[in-house]
Amino acid sequence: MATFQQWVAGARPRTLFAAVAPVVIGTAAAAQHSEPSLGIAILAAVVALALQVGVNYANDYSDGIRGTDDSRVGPVRLVGQRLAVARNVKAAAFLSLGFAAVTGLALVALAEAWVLLPIGGLAILAAWKYTGGDNPYGYRGLGELFVFVFFGLVATLGTMYAQTGALSWFGLAAAVGVGAIATAILVVNNLRDIPTDAESGKRTLAVRLGDTGTRRLWLGLIVASALAVGVMAVWDVWALLGLLSLVVVAGAVKVVMGGTHGRGLVPVLGSTGRYELAYAVTVLAGVVASRTLA
């Protein structure tokens, strides 16, 4: 039986920044457009966190029963390391995704943003099909696209729309920026796992691009996030505060581009996640400053 600490580790806490950051920057976009709603923002964060935990448990279960996680480095694998019964991990995934669905329904009803209901349903289905089912798209190199769309565009713009009933170009730039960083988290995770994924037949984008190409992709996503701040500054110059967050990821750039492999890349996951949250918070701070000084 897995311990409580192992269940927490299996939820992969380092990835939870990727759930909260789009809500934070989506709230920044709402504030830049009109009046944000703290209550809606908190509810959106709960939905995003539940969805992220559900994805993590679902991946643990699906990769574990396929044998993909039998010889991994990095975070705890509940099924792959035989720490928990597979059906219990599957149940945890369904409970988390179910909680995300119920909370999301409450969010949609409270915000009267019914257009988000089918989008939320697609997000939950995509969360399971990433590594689950007969033909998981994560095994075909499409995981990064899923992360960018749902943990970037959908989460950010959905948060903004739920609070304001509108979208903006500032919001789109914010969604692209935070989505690029969320994608970078998955890219460095898959960079670390290239040897084991290739051996097990998991054809991730990293396996397809190879070591050097994957490192360049990770760096390109970080650069894209910085460029997105410049685009946001067209509508609010104070958004440039978001560039301060690059300090958080500077060390990770040296590690990734320096050729570090295997377990040495694990800290980069945390650094990239912290960068995403810092990115969102500093952009929000810029918008708040702009509104205060206006």
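Where is the place of Arg82 in the chain? I began my entries on this predicted model with that point, and I found Arg82 in the loop between α3 (38-66) and α4 (86-111).

**Entry: Arg82**
I looked up the backbone angle of Arg82 and noted a phi near 60°, a positive value in a residue other than glycine. I then checked the accessibility of Arg82. The relative accessible area is 60%, and since the cut-off for exposed is over 50%, I recorded Arg82 as exposed.

**Entry: Glu112**
I next turned to Glu112, whose phi is near 55° and is likewise a positive value in a residue other than glycine. I located Glu112 in the loop between α4 and α5 (116-129). Buried or exposed, I asked of Glu112? The relative accessible area came out at 64%, and I entered the residue as exposed.

**Entry: secondary structure and fold**
I counted the elements of the protein chain and obtained eleven helices and zero strands. For the overall dimensions I consulted the radius of gyration, which is 18 Å, close to the 19 Å that the globule rule gives for 294 residues, so the protein chain is as compact as a globular protein of that length. I also noted the extent of the C-alpha trace along its principal axes, which is about 55 × 45 × 30 Å.

**Entry: burial and contacts**
I looked up how much of the protein chain is covered and found that 52% of its 294 residues count as buried. I then examined the contacts in the protein chain with a separation of 6 or more. Residues 24 or more positions apart account for 76% of these contacts.

**Entry: surface and charge**
I recorded an exposed area of about 12,400 Å² for the protein chain, with carbon and sulfur atoms supplying 69% of it. I also looked at the charges, of which the protein chain has 20 positive and 14 negative. I noted that the mean positions of the two sets are 5 Å apart.

**Entry: confidence**
Which of the elements has the lowest mean pLDDT, and which the highest? I found the lowest value, 85, in helix α8 (residues 194-200), and the highest, 97, in helix α9 (residues 205-235). For the protein chain as a whole I noted a mean pLDDT of 91, and I recorded that 98% of its residues reach 70 or more. I add as a caution that predicted coordinates should not be read in detail where pLDDT is low.

How values were computed: Residues are numbered from 1 along each chain as its sequence is written. This is a predicted model: local features need pLDDT of at least 70, side-chain atom pairs count only at pLDDT 80 or more; totals for chains, interfaces and linings use all residues. Side-chain values use heavy atoms; hydrogens and water are left out. Helices (H or I, at least four residues) and strands (E, at least two) are DSSP runs, numbered from the N terminus. The radius of gyration is taken over C-alpha atoms; the globule rule is 2.2 Å times the number of residues to the power 0.38. Buried means under 20% relative accessible area, exposed over 50%, partly exposed in between (1.4 Å probe, protein chains only). Contact means heavy atoms within 4.5 Å. Accessible areas come from the Shrake-Rupley method with a 1.4 Å probe; for residues, only the protein chains shown count as cover. Lys and Arg count as positive and Asp and Glu as negative; His and the chain ends are not counted. The place of a charge is taken as NZ of Lys, CZ of Arg, CG of Asp or CD of Glu. pLDDT is the predictor's confidence in each residue, from 0 to 100.
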